[in-house]
Amino acid sequence: MAELFQFELVSPERQLLSEQVSEVVVPGTEGEFGVLKDHTLFMSTITPGILKVRREGDSWDEYFVRGGFADVAAGGLTVLAEQAVPVGEISREQLDQAIKNAEEDVADAKDDATKQRAENTLAQLKDVVEALSKA
């Protein structure tokens, strides 16, 4: 049985998780990596994807994360994500509708700033779809 360590998952909106876990698999920009207790200290940027958390025992929780940093320190692992959402809270129908709305917002944009915001939103939504298709 793997030893437990402290894990924090934080997004700008809220702290999603703060507890002792046995393993975390992070979608790093250099590739997916796993963290266990007493992992070598390092920091990595993260890419859009599915972050997997193994709690005590064999149950896994999954979160879609987009952008940010993973910091493995002596006290454990902290992931500061630009966006983080439990996979169970994402429905395909809602995602499809949000993409359609974002595409319409891009087409209807009256100025460059509005168009850029709409394109960013659309890119984020497409990142979610891609990450979920790989999960």
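**A walk through the strands and the helix pair**

Let me begin with a strand pairing: strand β1, which covers residues 5-10, runs alongside strand β8, residues 76-86, in the parallel sense, and the two are joined over four bridges. One of the residue pairs here is glutamate 8, whose bridge partner in β8 is threonine 78. I should say at once that what we are looking at is a predicted model, and that the values I will quote are computed from it.

Strand β8 has another partner as well, namely strand β7, residues 60-73, and here the pairing is antiparallel and extends over 10 bridges. If you look for glycine 68, you will find that this residue stands opposite alanine 81 in β8. The link from β7 to β8 is a hairpin, and two residues make up the connection.

Let me step back to the whole protein for a moment. The protein has two helices and eight strands, and if you read along the sequence, the order is β-β-β-β-β-β-β-β-α-α. Taken along the principal axes, the C-alpha atoms fill a box of roughly 55 × 25 × 25 Å. Of the 135 residues, 36% count as buried, and among the contacts between residues at least 6 apart in sequence, 48% join residues at least 24 apart.

Returning to the strands, I would like to pause at serine 44, which has its place in strand β5, residues 42-45. Is serine 44 buried or exposed? Its relative accessibility is 12%, and because the cut-off for buried is under 20%, serine 44 counts as buried. Leaving aside residues up to four places away in sequence, serine 44 touches Gly28, Thr29, Phe33, Gly68, Phe69 and Ala70, and you will recognise Gly68 in that list as the residue that stands opposite alanine 81 in β8.

Just before β5, in the loop that runs between β4 (31-35) and β5, sits aspartate 38. With a relative accessibility of 66%, aspartate 38 counts as exposed. Its phi is near 65°, which is a positive value in a residue other than glycine. For context, most residues other than glycine have a negative phi.

Now to the helices. How do α1 and α2 lie relative to each other? The axes of α1 and helix α2, residues 112-134, come within 9 Å and cross at roughly 155°; since angles over 145 degrees count as roughly antiparallel, that is the description that applies to α1 and α2. The crossing in which α1 passes α2 is left-handed.

As for the residues that meet there, α1 contributes Arg92, Leu95, Ala98, Ile99, Ala102, Glu103, Asp105 and Val106, while the α2 side includes Lys115, Ala118, Leu122, Leu125, Val129 and Leu132. Sorted by class, the contact of α1 with α2 has 11 nonpolar, one polar and six charged residues.

I will finish with one residue from that contact, alanine 98, which lies in helix α1, residues 92-108. Alanine 98 and leucine 125 are 27 residues apart in sequence, yet from C-alpha to C-alpha they are 7.5 Å apart in space. At 26% relative accessibility, alanine 98 counts as partly exposed, because that value falls between the limit of under 20% for buried and the limit of over 50% for exposed.

Key. Residues numbered from 1 in each chain as written. Predicted model: local features only at pLDDT ≥ 70, side-chain atom pairs only at ≥ 80, totals over all residues. Heavy atoms only, no water. Buried < 20%, exposed > 50% of the residue type's maximum accessible area, 1.4 Å probe, protein only. Pairing = 2+ DSSP bridges. Contact = heavy atoms within 4.5 Å. Axes fitted to C-alpha atoms, helices over the stretch in contact; angles between N-to-C directions. Parallel < 35°, antiparallel > 145°, perpendicular 65-115°, else oblique. Left-handed = near helix turned anticlockwise from the far one by under 90°. Nonpolar A, V, L, I, M, F, W, Y, C, P; charged D, E, K, R; others polar.
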